[in-house]
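Subject: Model handover

Hello,

Here is the model I promised to pass on. Please open it next to this message and read the notes below alongside it.

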Amino acid sequence: MTARGWFLFSLMGVVWGIPYLLIKVAVDADLSTSMVVFTRCALGALLLLPFAIRQGGLVRTVRAHWAPMLAFACIEIIGPWFTLTDAERHLSSSTAGLLIAGVPIVGVLAARLLGDTEALGVRRIVGLALGLGGVAVLTLPHLTGGDARSLAEVFVTVVGYATAPLIAARRLKDVPTLQLIVPCLLLAALVYAPSAAATWPSETPAPSVLGALAALGVVCTAVAFVAFLELIKEIGPTRSTVITYVNPAVAVAAGALFLDEPLTAGILAAFALILAGSVLATAATGPRKKLHAPSPSPAPATSDLCPDQGEARTG
């Protein structure tokens, strides 16, 4: 990987690992869930809109793909961002970040339910078991009172994050990423605008809270999507998804460093299990067999077989 590739990879590991910290700062200041989600979506959309317009054909793209785009917006942003934000009223940012690390595991199961016929194999089955064990270690101490509801909200977020990329891969693979993300962010902002206006604080929040909201919209949404696009161009869509395994570590470290959240043996054990499970559960089952043309035949006039290309999550 080039120096530019390592820079982009490191950047993505951070910018999609700190939203849990920033959300926690916002909700601890008694800002409504709707306001937090609205601010993030509105800022991200406004910053990315000029780039999407510059590409051309934005309205035409929306008209041609509005149904799967609507489904993607609801499953990837409108639902999960609300449930995740609301859950952090009762859960630490570290716990939320680690639970979200189960997305690749749920993604494997969702793909199976939606018709993926690829054999799981022993490695992936072990990975699923390890990951689920890590989730159990992390959630058992929280299965009381309001925490149980928060865990359910995080589970909804995980399911959304795991299934929305399947829609993008099957129905939206020809849509440029900016022309997919910008309309979805605008729709989410419109959905939460009335509730955000009704719960707008009477006093200006503290500078630290305003900074958290700005960072959520600018860094964790707008800059993150642009950087992710460049990362895909630099190292390819398959390798770029490895950031999924870096984000939870950043979330745990940020919570411990800035919010004094406990870094217990249980959290470390859960992180190890979820990380190992995610890597194993999403690993390829093995290389494809190479095709060999019969030796007497002349070389074909067309180009050689192209290497496989994977799908990358955009949200």
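The notes below go from the whole chain down to single residues.

**Confidence**

Keep in mind that this is a predicted model. The average pLDDT is 80. At least 70 is reached by 80% of the residues. Treat the end of the chain separately: residues 288-315 have a pLDDT below 50. That stretch still has 27 contacts in the model beyond near neighbours in sequence.

**Overall make-up**

The protein has 13 helices and zero strands. Read along the sequence, the pattern is therefore α-α-α-α-α-α-α-α-α-α-α-α-α. There are 315 residues, and 46% of them count as buried. The accessible surface is about 15,900 Å². Carbon and sulfur atoms own 67% of that surface.

Contacts reach far along the chain. Take those with a separation of 6 or more: 89% join residues 24 or more positions apart.

**Core**

In soluble globular proteins, nonpolar side chains tend to be buried together. Here the largest nonpolar core has 73 residues. Which of them touch the most other members? They are M12, C41, L48, F72, I100, L180 and L185. Helix 10, residues 207-235, gives this core its largest share, with 12 residues.

**Helix 6**

Helix 6 covers residues 103-113 and is mostly covered itself. Eight of its 11 residues are buried. These are V103, P104, I105, V106, G107, V108, A110 and A111.

P104 deserves its own look. This proline is found in helix 6. Its relative accessibility is 14%, and the limit for buried is under 20%, so P104 counts as buried. P104 and G277 are 173 residues apart in sequence. In space, their C-alpha atoms are 9.0 Å apart.

**Helix 3**

Two residues here are worth selecting. S34 lies in helix 3, which runs over residues 33-55. Is S34 buried or exposed? At 7% relative accessibility, S34 counts as buried. Leave aside the neighbours within four places in sequence, and S34 is in contact with F82, Y192, S195 and A196.

L47 is found in helix 3 too. L47 has 38% relative accessibility. Buried ends at 20% and exposed starts over 50%, so L47 counts as partly exposed. L47 joins V218 and V223 in a nonpolar patch on the surface. Together the three have about 190 Å² of accessible area.

**Salt bridges**

Side chains of opposite charge can pair when their charged atoms come close. The count here comes to four salt bridges. Three are described below.

K24 and D28 make one of them, at 4.0 Å from N to O. Both residues sit in helix 2, residues 19-28. They are four residues apart, so about one helical turn separates them. K24 is buried, with a relative accessible area of 10%.

R149 and D86 form another salt bridge, at 3.2 Å from N to O. This pair links distant parts of the chain. R149 is in helix 8, residues 145-171, and D86 is in helix 4, residues 58-87. The two are 63 residues apart. How do they differ in cover, and which one is exposed? R149 is exposed, with a relative accessible area of 55%. D86, at 12% relative accessibility, counts as buried.

R149 has a further partner. E153 forms a salt bridge with R149, with the closest N and O atoms 3.7 Å apart. Both lie in helix 8, four residues apart, about one turn of the helix. E153 counts as buried, at 11% relative accessibility. Salt bridges that share partners join D86, R89, R149 and E153 into one network.

**Where to start**

I would load the network of D86, R89, R149 and E153 first. Then go to P104 and G277, with their C-alpha atoms 9.0 Å apart. Finish with the surface patch of L47, V218 and V223. When you reach residues 288-315, recall the pLDDT below 50.

Best wishes

Notes:
Residues are numbered from 1 along each chain as its sequence is written. Side-chain values use heavy atoms; hydrogens and water are left out. A salt bridge is a side-chain nitrogen of Lys or Arg within 4 Å of a carboxyl oxygen of Asp or Glu. Buried means under 20% relative accessible area, exposed over 50%, partly exposed in between (1.4 Å probe, protein chains only). Contact means heavy atoms within 4.5 Å. Patches are made of residues with over 30% relative accessible area and no salt bridge: like charges are joined within 9 Å, nonpolar side chains (Val, Leu, Ile, Met, Phe, Trp, Tyr) within 5 Å. Accessible areas come from the Shrake-Rupley method with a 1.4 Å probe; for residues, only the protein chains shown count as cover. A nonpolar core is a set of buried Ala, Val, Leu, Ile, Met, Phe, Trp, Tyr and Cys residues joined through side-chain atoms within 4.5 Å. pLDDT is the predictor's confidence in each residue, from 0 to 100.
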